[in-house]
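Here are my notes on the model you sent over. I've kept them as numbered points so you can follow along with the structure open.

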Amino acid sequence: REGGHERVCFSNPEIGSFIYRSHIVHIRPLEGLVYGYTMDGGSGLISASQATVALIPNKNGTDVAYTEQVVFLDDGDSLETRMPGCEAVLDRLKVAAEARVDA
């Protein structure tokens, strides 16, 4: 729902512990959503992002277009460490969506 928020604490042995805080800015049912989030690396804020997820119908189902604008605020975060996490979330979203279609 618009205005909804999430807070997740997680740890990666290679890059350390983080706190992810997000909030839903805008939702268009069956079209997509916009959300913002920050990452805290324990020593303070390390990045701030705005992400857009667009759902695009096609003849075989739906494509997803993910766009993120990010500002890295110190050496605790980078595109190289961010991309695998974003890809993993999108992969889990695909599995969950396909499971709902098959149910």
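1. Let's begin at the N-terminal end, bearing in mind that this is a predicted model. Strands β1 and β2 form a hairpin, with three residues between them. β1 covers residues 5–12 and β2 covers residues 16–28, and the two pair in the antiparallel sense over eight bridges. If you want a landmark for the pairing, look for Phe 10, which stands opposite Phe 18 in β2.

2. While you're at that turn, have a look at Ile 15, which sits in the loop between β1 and β2. Is Ile 15 buried or exposed? Neither, quite: its relative accessibility is 38%, and buried would need a value under 20% while exposed would need one over 50%, so Ile 15 counts as partly exposed. From Ile 15 to Ser 49 the C-alpha distance is 19 Å, and the two are 34 residues apart in sequence.

3. Next comes the pairing of β2 with β3, again in the antiparallel sense, over nine bridges. Here Ile 27 stands opposite Leu 33 in β3. This hairpin has three residues between the strands, and Leu 30 takes a positive phi near 65 degrees. That's a backbone detail to check by eye.

4. Thr 38 is a handy residue for getting your bearings in β3, the strand that runs over residues 32–40. Which residues does Thr 38 touch, leaving aside its neighbours within four places in sequence? There are contacts to Ile 19, Tyr 20 and Arg 21, and also to Leu 45, Ser 47 and Ala 48. Even so, Thr 38 has a relative accessible area of 25%, and because buried means under 20%, it counts as partly exposed. Arg 7 lies 31 residues away along the chain, with 9.8 Å between its C-alpha atom and that of Thr 38.

5. Now for the inside. The largest nonpolar core has nine residues in all: Phe 18, Tyr 20, Tyr 35, Tyr 37, Met 39, Ile 46, Ala 51, Val 53 and Cys 86. The elements giving two or more residues to this core are β2, β3 and β4 (45–58). In soluble globular proteins, nonpolar side chains tend to be buried together. Cys 86, one of the core residues, is in contact with Tyr 37, Tyr 66 and Glu 68, leaving aside neighbours within four places in sequence.

6. Then the pockets. The largest has a volume of about 810 Å³. Of its 28 lining residues, Tyr 20, Gly 85, Cys 86, Val 89 and Arg 92 are the closest to the centre. Tyr 20 and Cys 86 also belong to the largest nonpolar core. Two or more lining residues come from each of β1, β2, β3, β4 and α1 (79–102), and the largest share, ten residues, is from α1. By class, the lining divides into 19 nonpolar, four polar and five charged residues.

7. What is the volume of the second largest pocket? About 650 Å³. Its lining has 20 residues, and those nearest the centre are Leu 55, Thr 62, Asp 63, Val 64 and Ala 97. β2, β3, β4, β5 (61–72) and α1 each give two or more residues to this lining. Here too α1 provides the largest share, with six residues. The lining has twelve nonpolar, four polar and four charged residues.

Key:
Residues are numbered from 1 along each chain as its sequence is written. This is a predicted model: local features need pLDDT of at least 70, side-chain atom pairs count only at pLDDT 80 or more; totals for chains, interfaces and linings use all residues. Side-chain values use heavy atoms; hydrogens and water are left out. Helices (H or I, at least four residues) and strands (E, at least two) are DSSP runs, numbered from the N terminus. Buried means under 20% relative accessible area, exposed over 50%, partly exposed in between (1.4 Å probe, protein chains only). Contact means heavy atoms within 4.5 Å. Two strands pair if DSSP finds at least two bridges between them. A nonpolar core is a set of buried Ala, Val, Leu, Ile, Met, Phe, Trp, Tyr and Cys residues joined through side-chain atoms within 4.5 Å. On a 1 Å grid over the protein atoms alone, a cavity is a set of points where a 1.4 Å probe fits but cannot get out, and a pocket is an open set with protein on both sides within 12 Å along at least five of seven lines; lining residues have an atom within 4 Å of a point. Grid points are joined across faces, edges and corners, and a volume is the space filled by probe spheres set on the points. Ala, Val, Leu, Ile, Met, Phe, Trp, Tyr, Cys and Pro count as nonpolar, Asp, Glu, Lys and Arg as charged, and the others, Gly among them, as polar.
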